[in-house]
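Student: I am new to this structure and would like to know how its labels are earned. Please show it to me, and then I will ask about the words one by one.

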Amino acid sequence: MISNKMEKALNNQIALEGYASFLYLSMASWCDVQGLDGCAQFMYRQSEEERGHMLRIFNYISEVDGHDLTPAIKQPPHQFKSIQDLFRQVYSHEQKVTKSIHELVALSLNEKDHTTYNFLQWYIEEQREEEALMRTILDKIKIIGDGPQSLYFIDKELEKINKAELAAEAKEEEA
Ligand code: OFO
């Protein structure tokens with residue numbers, strides 16, 4: 001049985017993960033329009049991943065006899081100044097998610113809810129990986145430059161990173 005406070009906080013996290021999924025979907029579509037197929041594929045996969053994060057909490061709340069609430073998702077932005085601007089926004093959203101996960105962990109300790117504390121450990125690790133990945137991408141964009149001549153190379157780089165992420169996911173599923 002989960003406390004009302006913990007249930008409410010986890011439902012807020014569902015909304016945050018749901019928004020991330022929609023935000024990344026909108027970013028994927030923007031990349032598509034710019035002809036950046038590698039970036040688009042990367043963002044479509046990230047969007048799907050965020051949906052998975054949302055569903056994982058849904059399943060958990062129901063397992064601990066709580067009531068998960070389907071969130072209202074506000075409309076994400078549809079325009080981005082540049083590919084660098086887009087990834088800066090991804091990074092900053094991931095930092096926001098990390099902060100929120102850490103607050104959930106603190107609350108679970110306060111509530112002496114060790115089951116939820118244990119459940120949240122997966123998210124801590126996931127956020128560490130996501131932030132590191134976004135920093136790597138921003139570093140690469142900085143090195144390549146994001147002028148019109150560089151977009152082709154950035155896109156190729158993202159295609160490579162996306163393939164590596166897909167391969168890592170497939171490996172995880174096998175294990
Ligand atoms: Fe689920 O917020 Fe990113 O990883």
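Tutor: First, a word on helices: these are DSSP runs of H or I with at least four residues, numbered from the N terminus. Keep in mind too that this is a predicted model.

Student: Where does that numbering place K112?

Tutor: K112 sits in the loop between α3 and α4.

Student: Why is K112 called exposed?

Tutor: The relative accessibility of K112 is 66%. Exposed means over 50%, so K112 earns the word.

Student: What makes the phi of K112 worth a remark?

Tutor: Most residues other than glycine have a negative phi. K112 is not a glycine, yet its phi is positive, at about 55°. D65 is also a residue other than glycine with a positive phi, in this case about 65°.

Student: Where is D65, and is D65 buried or exposed?

Tutor: D65 belongs to the loop between α2 and α3. Its relative accessible area is 56%, and the cut-off for exposed is over 50%, so D65 is exposed. Q79 is found in the loop between α2 and α3 as well. With a relative accessible area of 63%, Q79 is exposed by that cut-off.

Student: How far is Q79 from N12?

Tutor: The two are 67 residues apart along the chain, and their C-alpha atoms are separated by 26 Å.

Student: How do you know that E125 and R128 form a salt bridge?

Tutor: Side chains of opposite charge can pair when their charged atoms come close. The test asks for a side-chain nitrogen of Lys or Arg within 4 Å of a carboxyl oxygen of Asp or Glu. For E125 and R128 the N to O distance is 2.5 Å, so the pair passes. Both residues lie in helix α4, 3 residues apart, which is about one turn of the helix.

Student: What makes E125 partly exposed?

Tutor: E125 has 36% relative accessibility. Buried means under 20% and exposed means over 50%, with partly exposed in between, so E125 falls in the middle class.

Student: What makes K160 and E157 a salt bridge?

Tutor: Their closest N and O atoms are 3.7 Å apart. The limit is within 4 Å, so K160 and E157 count as a salt bridge. In helix α5 they are 3 residues apart, and therefore separated by about one helical turn. K160 is exposed at 53%, whereas E157 counts as buried at 17%, a value under the 20% cut-off.

Student: How do you know that K163 and E159 form a salt bridge?

Tutor: The closest N and O atoms of K163 and E159 are 3.5 Å apart, and the limit is within 4 Å, so this pair passes. Both residues are in helix α5, 4 residues apart, again about one turn of the helix. K163 is exposed at 54%, and E159 is partly exposed at 30%.

Student: How many salt bridges are there in the whole structure?

Tutor: A search finds 9. R45, E49 and E169 are linked in a network of salt bridges.

Student: Which residues are closest to the centre of the largest pocket?

Tutor: That pocket has a volume of about 510 Å³. Of its 16 lining residues, E49, W122, E126, E169 and E172 are the closest to the centre. α2, α4 and α5 each give two or more residues to the lining, and α4 has the largest share, with 6. By class there are 12 charged, 3 nonpolar and 1 polar residues.

Student: What classes line the second largest pocket?

Tutor: Its lining has 7 nonpolar, 3 polar and 2 charged residues. Among the lining residues are L16, Y19, I73 and H93. The volume is about 170 Å³, and α1 and α3 each supply at least two lining residues.

Student: What makes the nonpolar surface patch?

Tutor: I143, I144, Y152 and F153 make it, with an area of about 460 Å². α4 and α5 each supply at least two of these residues.

Student: Why is F153 called partly exposed?

Tutor: F153, in helix α5, has 48% relative accessibility. Partly exposed lies between the 20% and 50% cut-offs, so F153 takes that label. A patch residue needs over 30%, so F153 meets that condition too.

Methods
Residues numbered from 1 in each chain as written. Predicted model: local features only at pLDDT ≥ 70, side-chain atom pairs only at ≥ 80, totals over all residues. Heavy atoms only, no water. Patch = residues over 30% accessible without salt bridge, like charges linked within 9 Å, V, L, I, M, F, W, Y side chains within 5 Å. Areas by Shrake-Rupley, 256 points an atom, 1.4 Å probe, with all protein chains shown as cover. Buried < 20%, exposed > 50% of the residue type's maximum accessible area, 1.4 Å probe, protein only. 1 Å grid on protein atoms, 1.4 Å probe; cavity = no way out; pocket = protein on both sides within 12 Å on 5 of 7 lines; lining within 4 Å. Points joined across faces, edges and corners; volume = space filled by probe spheres on them. Nonpolar A, V, L, I, M, F, W, Y, C, P; charged D, E, K, R; others polar.
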